[in-house]
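Trainee: I'm new to this one. Please walk me through how to read it, feature by feature.

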Amino acid sequence: MTAARSYPTIPPVIESPRSAPNRPRRTRTNTELYAWLFMRVSGIVLVVLVLGHLFIMNILDGGVQRINWGFVAGRWASPFWQVWDLLMLWLAMIHGTNGLRVIINDYTRRDGTRLTLKAVLYTATTITIALGTLVIFTFNPDMGS
Amino acid sequence: MSTVAPSTSPSRRGSPQRTRIAGSLYRGREGMWSWVAHRITGVLTFFFLFAHVLDTALVRVSPESYDRVIDTYKNPFVNLMEIGLVGAVLFHALNGLRIVAIDFWARGTRYQRQMLWAIVLVWVAVMVPGAFFMFKHSFEQLFGSVS
């Protein structure tokens with residue numbers, strides 16, 4: 001990084017689209033700040049939850065070959081894994097939804113397209129979170145017997 | 001901003017036109033490509049997540065319907081896709097930690113390039129044994145004694 005210090009006299013110039021835009025500098029809310037912070041906080045938690053989940057499921061427990069209904073029933077008999085999976089579901093879904101929201105904002109050009117894509121995204125997210133939560137809470141491990 | 005490591009070092013000298021590019025952190029090279037990879041792996045993982053919640057929701061329908069769907073995953077082709085998914089998630093996780101370091105660590109932007117190569121190294125070190133153990137069963141199924 002010595003190369004970086006060899007020309008501190010030249011200030012960086014951010015070109016046209018990234019220079020000060022013609023819109024009000026301040027918005028009324030800090031939503032984007034909270035969204036940015038949420039991505040970092042949830043991301044760190046998800047590193048533990050998701051990598052733990054992948055390691056246990058794919059390597060320690062022998063992968064999808066071992067998985068059947070009884071396996072899931074045994075797992076969700078424990079409140080620990082219920083809470084783990086519930087937390088993972090909510091955090092991952094909101095983290096992913098916000099990520100895709102940013103991508104939609106970046107690449108859509110027309111208001112209609114942006115609005116439609118976001119409506120589809122939020123609908124799919126709401127249904128998926130509700131369905132997953134319902135399944136974790138109302139699952140009956142005795143169903144199979 | 002002036003402490004930011006330039007990603008386009010050739011523009012350091014030369015015409016003013018080329019100098020203009022010098023300060024933009026994410027133009028080209030490691031900074032930009034890790035950003036691109038972060039987006040792609042994130043979107044892939046998110047789309048998989050929808051499918052994964054839906055298939056797991058079948059445990060609430062009946063043991064038979066869940067087992068029938070899970071059985072369609074038990075082949076070497078899906079196994080390869082699983083390894084790809086794990087690779088995507090692992091990159092996204094490691095690069096996410098790098099982004100947190102860039103945002104919150106005072107020297108983060110200065111070392112963003114070195115941090116990228118560090119996480120690539122960790123990724124390879126985890127994926128080589130990881131892929132081996134994940135594909136073990138499929139390998140035995142394809143070429144060995146297990147049916």
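Mentor: Let's start with a term: a salt bridge is a side-chain nitrogen of Lys or Arg within 4 Å of a carboxyl oxygen of Asp or Glu. Before we use it, note that this is a predicted model, where local features need pLDDT of at least 70 and side-chain atom pairs count only at pLDDT 80 or more, while totals for chains, interfaces and linings use all residues. Residues are numbered from 1 along each chain as its sequence is written, chains are lettered from A and ligands numbered from 1 in the order in which they are written, and side-chain values use heavy atoms, with hydrogens and water left out.

Trainee: Got it. How many salt bridges does the structure hold over all chains?

Mentor: Eight, counted over all chains. The general idea is simple: side chains of opposite charge can pair when their charged atoms come close. For a case here, look at Glu30(B) and Arg29(B), whose side chains meet with N to O at 3.3 Å.

Trainee: Is Glu30(B) buried or exposed?

Mentor: First the scale: buried means under 20% relative accessible area, exposed over 50%, and partly exposed in between, using a 1.4 Å probe and protein chains only. Glu30(B) has 11%, so it is buried, whereas Arg29(B), at 43%, is partly exposed. The pair also belongs to a network of salt bridges linking Arg29(B), Glu30(B) and Arg113(B).

Trainee: Which residue does Arg40(A) meet in a salt bridge?

Mentor: Its partner is Asp103(B), at 2.6 Å from N to O. To place them we need helices, which are DSSP runs of H or I of at least four residues, just as strands are runs of E of at least two, each numbered from the N terminus. Arg40(A) sits in helix α2 (residues 31-60) of chain A and Asp103(B) in helix α4 (residues 76-104) of chain B, so this pair joins two chains. Arg40(A) counts as buried at 15% relative accessibility, while Asp103(B) is partly exposed at 33%.

Trainee: And where do Asp111(A) and Arg114(A) lie?

Mentor: Both are in helix α5 (residues 111-138) of chain A, three residues apart, which is about one turn of the helix. Their salt bridge has its closest N and O atoms 2.5 Å apart. Asp111(A) counts as exposed at 56%, and Arg114(A) as partly exposed at 21%.

Trainee: Let's step back to the whole of chain B. How many helices and strands are there in chain B?

Mentor: Five helices and zero strands, so to speak an α-α-α-α-α pattern when you read along the sequence. Of its 147 residues, 41% are buried. For contacts, meaning heavy atoms within 4.5 Å, consider those between residues at least 6 apart in sequence: in chain B, 56% of them join residues at least 24 apart.

Trainee: How do I read two helices crossing?

Mentor: Fit a line to the C-alpha atoms of each helix over the stretch in contact, then take the angle between N-to-C directions, from 0 to 180 degrees. Under 35 degrees counts as roughly parallel, over 145 as roughly antiparallel, 65 to 115 as roughly perpendicular, and the rest as oblique. In chain B, the axes of α2(B) and helix α5 (residues 112-143) come within 9 Å and cross at roughly 50°, and are therefore oblique. The contact is made by Arg29(B), Glu30(B), Gly31(B) and Ser34(B) of α2(B) with Gln112(B), Arg113(B), Leu116(B) and Trp117(B) of α5(B).

Trainee: At roughly what angle do the axes of α4(A) and α2(B) cross?

Mentor: Roughly 130°, with the axes of α4 (residues 79-107) of chain A and α2 (residues 29-57) of chain B coming within 10 Å. These two are therefore oblique as well. Among the residues making the contact are Leu89(A), Met93(A) and Val102(A) of α4(A), and Trp35(B), Phe46(B) and Phe50(B) of α2(B).

Trainee: What about Arg101(A): is it buried or exposed?

Mentor: Arg101(A), in helix α4 of chain A, is buried at 12%. Leaving aside neighbours within four places in sequence, Arg101(A) is in contact with Glu32(A), Ala35(A), Lys118(A), Leu121(A) and Tyr122(A). In that helix, too, is Val102(A), which is partly exposed at 30%. The C-alpha atoms of Val102(A) and Ala35(A) are separated by 9.9 Å, with their positions 67 residues apart along the chain.
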